[in-house]
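Open the model in your viewer and keep the sequence panel visible. The tour goes from one selection to the next, with a short note on what is there.

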Amino acid sequence: MPMDATTSGTPTIQYHNINDQPVTVTAIVAVPVSTYQRNQRHCFGDLIPGEFPLATNPSIVLHVLTACNLDPQDLAKLEATCSFFRQPANFPPDNELSISELAALDMCQKRAIFKPMAPEERQDLKQRCGGSWKLVLRFLLAGEACCRRERSQAIAGPGHSIAVTSNGAVYSFGSNSSGQLGHGTTEEEWRPRQIRSLRGIRIIQAAAGPGRTMLISDAGRVYAFGKDSFGEAEYGAQGSKMVTTPQLVESLKNIFVVQAVIGNFFTAVLSREGRVYTFSWGNDGRIGHQTEPNDVEPHPLLGALENIPVVQIAAGYCYLLALACHPSGMSVYSVGCGLGGKLGHGSRTDEKYPRLIEQFQLLNLQPMVVAAGAWHAAVVGRDGRVCTWGWGRYGCLGHGNEECESVPKVVEALSKVKAVNVATGDYTTFVVSDEGDV
């Protein structure tokens with residue numbers, strides 16, 4: 001007999017704002033199947049009794065794909081193996097999108113960074129990622145995996161430390177000679193102390209550098225304090241003024257920032273669209289753009305990364321690393337001072353514009369997390385391998401010696417460990433395994 005969801009006393013469930021049609025299910029008739037014949041189900045059905053084609057109610061299929069939080073690669077495989085998942089689904093907001101593309105868009109809309117974006121900003125991000133919502137989803141997930149946004153975190157700087165709670169509160173302690181703790185004084189703090197002036201502002205990310213601190217709010221605003229903080233244009237002549245409480249960086253008010261890093265002589269920020277901006281102080285800090293020494297306005301990082309979305313940045317002594325999201329996979333670029341081989345190109349020469357580190361392709365390693373120490377760097381791959389390179393003083397590269405490595409090299413001592421994260425200090429490296437060991 002016909003079965004109608006509206007006659008059962010249960011209201012019709014609507015998914016993705018689609019008005020579902022009542023579905024009539026035919027009587028099920030047992031059909032004998034030969035032992036050598038495989039019973040197949042077809043997405044669109046072929047009039048075989050007992051079939052339930054997916055096309056009968058695609059909104060339910062869309063709901064299942066979204067609820068299962070499938071990986072973008074899995075959605076791509078569905079499209080490759082079945083025409084139902086790659087043909088236009090005739091669903092809003094875009095009738096030309098396939099079921100798998102709509103599922104990727106729905107999962108993007110769950111991400112904290114994506115939610116507040118205007119429609120034109122979303123389309124710009126889509127084109128920047130390669131023209132697919134699946135690629136946008138991969139970009140967003142990669143950023144969440146490596147930057148710990150929206151989660152508690154601790155940052156150890158050269159002399160002071162910052163702790164950010166899951167609720168967005170900020171605590172600081174340690175050296176405070178330049179006001180880098182943000183408490184309105186220059187007195188040291190031997191225990192974590194909350195920065196009271198930030199109450200009501202939810203902080204999601206922090207960066208600590210020599211005598212200065214930067215904080216990022218969930219609204220994409222940047223707050224800076226300490227020695228010189230953000231350079232001459234923000235707080236007067238370099239070296240002449242200290243800022244002891246968090247101050248909003250006005251020059252970044254039109255950029256939604258999700259990450260900031262502090263290197264020697266320069267600062268860099270990452271926008272939610274994956275664009276990198278740098279601030280430069282003098283000749284030694286000219287990284288990625290050509291400006292006058294006293295120009296400290298944010299400048300887009302020029303060169304190879306102008307049209308490639310970046311998910312994470314890391315800074316060391318006068319150099320910058322960028323984890324980029326290509327349609328074909330993840331890759332790492334470096335720019336800046338090449339002393340000690342820390343740029344990873346097999347030489348010690350400087351790079352004024354971002355250059356791809358090709359060694360990861362030779363190692364068949366997909367980078368997922370990057371970290372930059374003062375003179376050395378590290379990467380964690382999707383398969384859990386760890387690579388290090390640069391100056392190996394005090395054995396910080398983990399290769400059993402103090403030699404320099406000018407290209408990334410796998411840390412063989414960690415061959416039985418699947419790493420998920422890595423952090424670097426001036427001459428130290430810390431690796432976190434998938435079991436939580438350090």
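Start by selecting S13 and strand S14 (residues 319-326): the two run antiparallel and are joined by six bridges. This is a predicted model. For one pair to look at, pick Gln312, whose bridge partner in S14 is Leu323. Next add H5, which packs on the sheet and touches S13, S14 and strand S15 (329-336). The direction of H5 makes about 35° with that of S13.

Now show the whole sheet. It is open, has four strands in the order S13-S14-S15-S16, and pairs them antiparallel. Which strands stand at the edges? They are strand S13 (310-316) and strand S16 (351-356); each has a single partner strand, so one side of each is left without a neighbour in the sheet. On average, neighbouring strands here are turned by 20° against each other, direction ignored.

Move on to a second open sheet, also of four strands, with the order S17-S18-S19-S20 and antiparallel pairing. Its edges are strand S17 (367-372) and strand S20 (405-410), and because each has a single partner strand, one side of each lacks a neighbour in the sheet. Neighbouring strands in this sheet are turned by 15° against each other on average, direction ignored. Strands of a sheet pair through backbone hydrogen bonds. Select strand S18 (residues 376-381) and strand S19 (residues 386-390) to find five bridges between them. Ala377 stands opposite Trp389 in S19.

Stay with this sheet and select Val369, which lies in strand S17. Is Val369 buried or exposed? Its relative accessibility is 3%, so Val369 counts as buried, the cut-off being under 20%. Leaving out residues up to four places away in sequence, Val369 touches nine residues you can list in the viewer, including Gln312, Leu323, Ala378 and Val422. Draw a distance from the C-alpha atom of Val369 to that of Val332: the two are 37 residues apart along the chain and separated by 9.5 Å.

Last, look at the nonpolar cores. The largest has 59 residues, of which Ile99, Phe114, Val136, Val311 and Phe360 touch the most other members. Helix H5 (residues 133-147) gives the most to this core, with nine residues. The core also draws at least three residues from each of domain 1 (105-146) and domain 3 (314-437). Another core, of 19 residues, lies apart from it; select Ile113, Val258, Val276 and Ala315, which are among its members.

Conventions
Residues are numbered from 1 along each chain as its sequence is written. This is a predicted model: local features need pLDDT of at least 70, side-chain atom pairs count only at pLDDT 80 or more; totals for chains, interfaces and linings use all residues. Side-chain values use heavy atoms; hydrogens and water are left out. Two strands pair if DSSP finds at least two bridges between them. Axes are lines fitted to C-alpha atoms, for helices over the stretch in contact, and angles run from 0 to 180 degrees between N-to-C directions. A nonpolar core is a set of buried Ala, Val, Leu, Ile, Met, Phe, Trp, Tyr and Cys residues joined through side-chain atoms within 4.5 Å. Buried means under 20% relative accessible area, exposed over 50%, partly exposed in between (1.4 Å probe, protein chains only). Domain bounds come from an automatic or database domain assignment. Contact means heavy atoms within 4.5 Å.
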